[in-house]
Amino acid sequence: MDQLYATRASRMKASEIRELLKLLGEPGIISFAGGIPDPNLFPAEAFAEAFQNALGPDQQAQALQYSVSEGYAPLRHWLVGYMRGIGVECDIDNILITSGSQQALDYLGKLFLSPGDTALVGWPTYLGALNAFDAYEPRFDQLSVNGNRGAAEYREAADGSPIKFAYLSADFANPTGETVDLRGREALLDLAEELDCAVIEDGAYQALRYDGDPIPPIMALEQARKGSIENCRTIYCGSFSKTLSPGLRVGWVVGAKPVISQMVLLKQAADLHSSTINQMAVYQVARDCFENHVPMLRRTYAARRDAMLEALAQHMPDGVEWTRPEGGMFIWVTLPKGVNGADLLARALETVKLAFVPGQAFFPDDTGANTIRLSFSNSDEDTIREGIRRLGEVLRA
Ligand code: PMP
């Protein structure tokens, strides 16, 4: 069939890393690889009750039926309140429920990118965003936002292809864990104005702040400048995956109404709507539990982050550097030049039974060979300390 595939298929590549990570099921392996929530922390009882209600006599006809593409209205209402809480004023027509925020990234690629258009992304950036956008055959250009200098810059496109959007996670990015400060966010908005491009703000980890003061989302800052969400070029992607459950695949996107209307059309064409019963369950659990559940997650993950940072300070040889995230799930490690993250992974799996993700995959141009991503969300503190001790051992070897 190969000769029948569309040209975009040639850009999709299977990852060798996934092959290596298949070994993860083996006993004794410590994994800092997957950027996944700890399943022991899922609000499972609350979900059991929510699904039981949804399947009860009052709701089952709705729960098991087709529903509107925009999403379950009570959930969208709840999200209006949630967005207000983080500084964004919108109404339910500014919100579309998606099947995870990953689907929003795919739709945004589909909506904005013609082959050859430019997408500005961080170097490194979230691999899933690169893969989602890549299907629409763009070129990627490097976006750098430096809060200290109050500067947002990009590498000038050689061929002058239109720049359609800048994509970034401003809070605790995947893979680096880094946060863009207020000046950086304002500078990014200035750059987007100058380029007349959209801003895609990925808020997947936004609720998981462990210390420091929250910084308003880019969308809130733009709204403060322009008065109404209808004048905003920022599109905000949110997710329940990191706070309630990734398996239910419920996320959302917030934008000016004309953009949301376009995305509703895309959703109608792609999957009609996200699972009705899952949206109903997420609504009930968000309404009843979010407020208490998320602080518990923050306390638990903060302790794991601290354990990893302390262990890195204790066990890393000279010449190794790492980020100190204020939230999220990741620490990004830069190894001395010449140490290759993928080789290190192969060796770590074989000799000390340790897994992590080599950083190169997060760069559109395959630079960054001497980087690795560590996730602290899915291991307890003792396991984290032991895993980092093993990392030190394999690096010294
Ligand atoms: N954005 C970022 C930065 C992520 O790390 C992830 C999940 N790993 C997603 C989006 C997608 O998450 P979901 O589709 O589960 O909402």
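Q: A residue is near a molecule or strand if its C-beta atom, placed from the backbone, lies within 6 Å of it; which residues around the ligand are closest?
A: In this predicted model, local features need pLDDT of at least 70 and side-chain atom pairs count only at pLDDT 80 or more, while totals for chains, interfaces and linings use all residues. Numbering runs from 1 along each chain as its sequence is written. The ligand is surrounded by 14 residues, and the closest are Gly100, Ser101, Gln102, Ser239 and Ser241.

Q: What makes up the shell around the ligand, by class?
A: There are 10 polar, 3 nonpolar and 1 charged residues in the shell. Gly counts as polar here, because the nonpolar class is Ala, Val, Leu, Ile, Met, Phe, Trp, Tyr, Cys and Pro, the charged class is Asp, Glu, Lys and Arg, and the others are polar. Helix H5 (residues 100-112) contributes the most to this shell, with 3 residues.

Q: How do you know that E11 and E14 pair?
A: Pairing requires at least two bridges found by DSSP, and E11 (residues 330-334) and E14 (residues 371-375) have 5, in the antiparallel sense. Threonine 334, for one, has threonine 371 in E14 as its bridge partner. Strands here are DSSP runs of E with at least two residues, and helices are runs of H or I with at least four, numbered from the N terminus.

Q: Why are E10 and E13 said to stand at the edges?
A: The open sheet of 4 strands runs E10-E11-E14-E13, with antiparallel pairing. Strands E10 (321-322) and E13 (357-358) each have a single partner strand, so one side of each has no neighbour in the sheet.

Q: What makes the contact between domain 1 and domain 2?
A: Domain 1 covers 8-42 + 293-396 and domain 2 covers 44-289, with bounds from an automatic or database assignment. Counting residues as in contact when their C-beta atoms, placed from the backbone, lie within 7 Å, the contact takes 29 residues from domain 1 and 31 from domain 2. Helix H10 (276-315) and E11 each supply at least two residues of domain 1's side; H10 gives the most, with 7. That side has 16 nonpolar, 7 polar and 6 charged residues.

Q: Why is the protein chain called as compact as a globular protein of its length?
A: The globule rule is 2.2 Å times the number of residues to the power 0.38, set against a radius of gyration over C-alpha atoms. For 397 residues the rule gives 21 Å and the chain's radius is 21 Å, so the description fits.

Conventions. Near = placed C-beta within 6 Å. Contact = placed C-beta atoms within 7 Å.
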